[in-house]
Amino acid sequence: QILKHPEILGETFGTAIKVDQDSNTLVIGSDGADIATPIIFDNILTVKTTFDSTGTKFFDFITDSGAVYVYNLMPNPFEDEEHPALFAYSQKLVGPNLGTGFNFGAAIDLKSEYLMVGVSNDFNIVPEGGSLYFFFNKDSKSGWTLTRSKQPRVDIGAVSSAFLYNTVTQNILDFYDYFDPV
């Protein structure tokens, strides 16, 4: 079987490949994949700005952030040498908080219901550093859930002031003279 990129050509599709015989799953890394993230105009829980009754949506493209494509083996009831079971595209996995050039999917490991995806250029933690994302697939169903990833960090040295802000009334309620990062 020849597997082609499910969306577009390029993106260094096939950077990392892993097959798990137990779960009949194939995962293919594409560390040069571009991802589209929805743009949120409001960050208020009760009000969301929509356009054309949600018919028009806006996206921000993050280039070379990376993705992992999941394929599941689809059994053929009449399987033989000429008509084997085939892999079918199931899901595109991306991590939260990815940036340009992160290379999500540069390395992959898969065992039963556990999938680990390596990011080779996660500069949010250290320059030219990496990170690891864990996905879990309970009961080996079609589809994966992200269980653990890095969290964005704040450079405390860059914080010069702090204040309490009400997002509903959009007012600053109080300023803090001293900011203790602990």
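In this predicted model, D122 is buried, with a relative accessibility of 0%. The residue sits in the loop that connects β8 (114-119) with β9 (131-136). Its side chain is engaged in a polar contact with the side chain of S131, at 2.8 Å. S131 is also the residue at which the range of β9 begins. The assignment of D122 as buried follows from the cut-off, because buried means under 20% relative accessible area.

Two further loop residues were noted for their backbone conformation. D64, although not a glycine, adopts a positive phi of about 55 degrees. D64 belongs to the loop between β4 (59-62) and β5 (67-74), and with a relative accessible area of 37% this residue is partly exposed. S112 likewise has a positive phi, near 50 degrees, and is a residue other than glycine. S112 is found in the loop between β7 and β8. Its relative accessible area is 22%, and S112 is therefore partly exposed. The value for S112 falls in the class between the limits of 20% and 50%, as does the value of 37% for D64.

At the level of the whole chain, the secondary structure consists of twelve strands and zero helices. The order of elements along the sequence is accordingly β-β-β-β-β-β-β-β-β-β-β-β. The protein chain has 182 residues, of which 29% are buried. Its accessible surface amounts to about 12300 Å², and carbon and sulfur atoms contribute 54% of that area. Among contacts in the chain with a separation of 6 or more, 49% are between residues 24 or more positions apart.

An open sheet is formed by four strands, arranged in the order β1-β2-β5-β6 with antiparallel pairing. The edge positions are taken by β1 and β6 (86-93); each has a single partner strand, so one side of each has no neighbour in the sheet. From one strand to the next, the twist averages 25 degrees. Within this order, β2 and β5 occupy the places between β1 and β6. The pairing of β5 with β6 is antiparallel and extends over seven bridges. L73 is positioned opposite F87, a residue of β6.

The search for salt bridges across the whole structure returned one. This salt bridge joins the side chains of K18 and D109, with an N to O distance of 3.7 Å. K18 is part of strand β1 (residues 13-20) and D109 is part of strand β7 (residues 104-111), so the pair links parts of the chain that are 91 residues apart in sequence. Both partners fall in the partly exposed class: K18 has a relative accessible area of 29%, and D109 one of 36%. The strand that carries K18, β1, is also one of the edge strands of the open sheet. The strand that carries D109, β7, is followed by the loop to β8 in which S112 is located.

How values were computed:
Residues numbered from 1 in each chain as written. Predicted model: local features only at pLDDT ≥ 70, side-chain atom pairs only at ≥ 80, totals over all residues. Heavy atoms only, no water. Salt bridge = Lys/Arg side-chain N within 4 Å of Asp/Glu carboxyl O. Helix = DSSP H or I, 4+ residues; strand = E, 2+ residues; numbered from the N terminus. Buried < 20%, exposed > 50% of the residue type's maximum accessible area, 1.4 Å probe, protein only. Contact = heavy atoms within 4.5 Å. Areas by Shrake-Rupley, 256 points an atom, 1.4 Å probe, with all protein chains shown as cover. Polar contact = N/O pair within 3.5 Å; in protein donor to acceptor, adjacent residues only side chain to side chain. Pairing = 2+ DSSP bridges. Axes fitted to C-alpha atoms, helices over the stretch in contact; angles between N-to-C directions.
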